[in-house]
Amino acid sequence: MEADFPFWLRASHLFNFVLLGILIRSGWEILASLPRLWWRNDAKPGTEWLRFTRRKLPREEGVYTSLMDERSMSPLLALPGRENIGLGRHWHGLGVMLWVLNGLFYVIMLFATGLWTRIIPTSWEVFPQAWESLKIYVGFGVPSIEHFQPYDALQMLTYTGVVFVLAPLMILTGLAMAPAIRSRFPWYLKLFGGGQVVRSLHFICHAAFVVFIIMHVGLVFLVHPEYNLPHMMLGVEANQPEYYAQAFTVALLSIVVVLALLIGLSYWSLANRPLAQRFLVAVTEPGRKLFLNWMPSRMSKQNVFTEKDISEYHWTNGLPPTEDESPEWLEHRDNQWADWRLEVGGELSGKAIHLSLQDLQAMPKHEYIAIHSCMQGWTATSKWAGVQLREVLDLLGPRPEDAKYVLIESHGLAQVMYDNRPREPFYAVIPLRDVYDDDTMLAYERNDRLLEEHLGAPLRLRVESNHGYKMVKWVRKIEWIRDYAEVGDGRGGTREDSAMQAFNGRI
Ligand SMILES: Nc1nc2c(c(=O)[nH]1)N[C@H]1C(S)=C(S)[C@@H](COP(=O)(O)O)O[C@H]1N2
Ligand SMILES: [Mo]
């Protein structure tokens, strides 16, 4: 007879343990970057249902940024810890790709080998039986050994719930958090009730996972361990207590080694963050190519979000330029933008044109209602209006042959530089597929009014399939470039340079 715990089962189970560790720990890093949870989709200060910070949020818009709200977690707990949302997200991305693959392998093998009959109940009897087991556990007892065949009814129900309900829920809510999916299938996000509902559900499912893992590991050591451990850990037949000491050691050692590995990943990432970024981006890029990159935004084509969805409150990241940062921006502002000009073009185009706000307003107006997704987790729904980016670039004539990207520069400075050098101008680089996306635009209006100062006046970028960090505010200049390697630190944007985020704003 085939062993009850064949090698493939034990291997994928161990791998699953490592991957869940990566997912949970990097998930904490992501949560720590905005340690609050809401049901309201504008994430309005004071309406949180749960928060992990004592900091009080100002009710006023545009005086506080989400970056200021980020909390630093110990590398012992979070992956990688110490306010590294960019790297945390990359780890989450790698973790989820491997976890889904491993999960598929496990489920396929479960059905291929017939072992599914052990964890999926096939009779209603399982409910009264599970109830009996539960009563015994609640009284701090342990069901007798005959109940475990190899699992008892309560175990079967729990495993079925975790594998076929909880894990899929995690995946479905996780998918709804990718801005590419949100902008391509806006109805999918709407189905759940919006960005904060999805984020809160993801958190609650994660909490269920954490409780499950603690009980699962605890019970393995408490419920007939001399009978079960050799069976599970060594794959030998049931009831061979002579293997108990060996099995116990293997179980304990695996847990210690996995925990050490998980914590090691944090310190490895922190030791050389640019290297960790390069590595993680490279290994996750194939997954993004396969699933996310080809999705253009459909926000303007499907009117899924309506005036009713427009947020009462809009969070901010990045505050308007100050007198020392950009005296010229302040001067233009005080002058109602009368002399402000957008610079279009540069070296590669061999020319530059200058557009006033009126010039831009005279061009075809593009308008839609969309959800803004900041990578830190807040969302806001607004009606944006402006000019498609490609329309503006077309004024320069045909795209120069070797132009592969568009560089967007701001009047404002980066909020922080990762190595604490003086703050440099904020910029982002957009690849061709996003430049030619219908919904990529330079917006000058929000909710039918000229842009507010803190939201990017007089002009800001909107790239709906990307996270907020690509959407440069207070735009000063746009130009075609060959490659982003020569700009800034060469990673394709201020946030990529300073926060180790991905050039690909879809994750
Ligand atoms: N110039 C500039 N643009 C910026 C930023 C910034 O710090 N400076 N922050 C980005 C980030 S991370 C986000 S989420 C959005 C926030 O847009 P909002 O302030 O309009 O909500 O702006 C993006 N554009
Ligand atoms: Mo952001």
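## Surroundings of ligand 1

In this predicted model, ligand 1 is surrounded by 20 residues, of which His314, Trp315, Arg460, Met471 and Lys473 are the closest. Sorted by class, this shell comprises 9 nonpolar, 9 polar and 2 charged residues.

## Polar contacts and burial

Three of the closest residues are considered here through their N or O atoms. The side chain of Lys473 places a polar atom 2.4 Å from an oxygen atom of ligand 1. In the side chain of Arg460, an N or O atom is 2.6 Å from an oxygen atom of the ligand. Met471 contributes through its backbone instead: one of its backbone N or O atoms lies 2.8 Å from a nitrogen atom of ligand 1.

On its own, ligand 1 has 530 Å² of accessible area, and the protein covers 99% of this area. The space that ligand 1 takes up is the largest cavity.

## Domain arrangement

The domain assignment divides the protein into two parts: domain 1 consists of the segments 7-50 and 68-290, while domain 2 runs over 298-497. Between the C-alpha centres of domain 1 and domain 2 the distance is 38 Å. The two domains are in contact with each other, with 32 residues from domain 1 and 26 residues from domain 2 taking part.

Terms used:
Residues are numbered from 1 along each chain as its sequence is written. Chains are lettered from A and ligands numbered from 1 in the order in which they are written. This is a predicted model: local features need pLDDT of at least 70, side-chain atom pairs count only at pLDDT 80 or more; totals for chains, interfaces and linings use all residues. Side-chain values use heavy atoms; hydrogens and water are left out. A residue is near a molecule or strand if one of its heavy atoms lies within 4 Å of it. A polar contact is a pair of N or O atoms within 3.5 Å; within protein, one must be able to donate a hydrogen and the other to accept it, and residues adjacent in sequence count only if both atoms are side-chain atoms. Accessible areas come from the Shrake-Rupley method with a 1.4 Å probe; for residues, only the protein chains shown count as cover. On a 1 Å grid over the protein atoms alone, a cavity is a set of points where a 1.4 Å probe fits but cannot get out, and a pocket is an open set with protein on both sides within 12 Å along at least five of seven lines; lining residues have an atom within 4 Å of a point. A molecule sits in a cavity or pocket if more than half of its atoms lie within 2 Å of its grid points. Ala, Val, Leu, Ile, Met, Phe, Trp, Tyr, Cys and Pro count as nonpolar, Asp, Glu, Lys and Arg as charged, and the others, Gly among them, as polar. Domain bounds come from an automatic or database domain assignment. Contact means heavy atoms within 4.5 Å.
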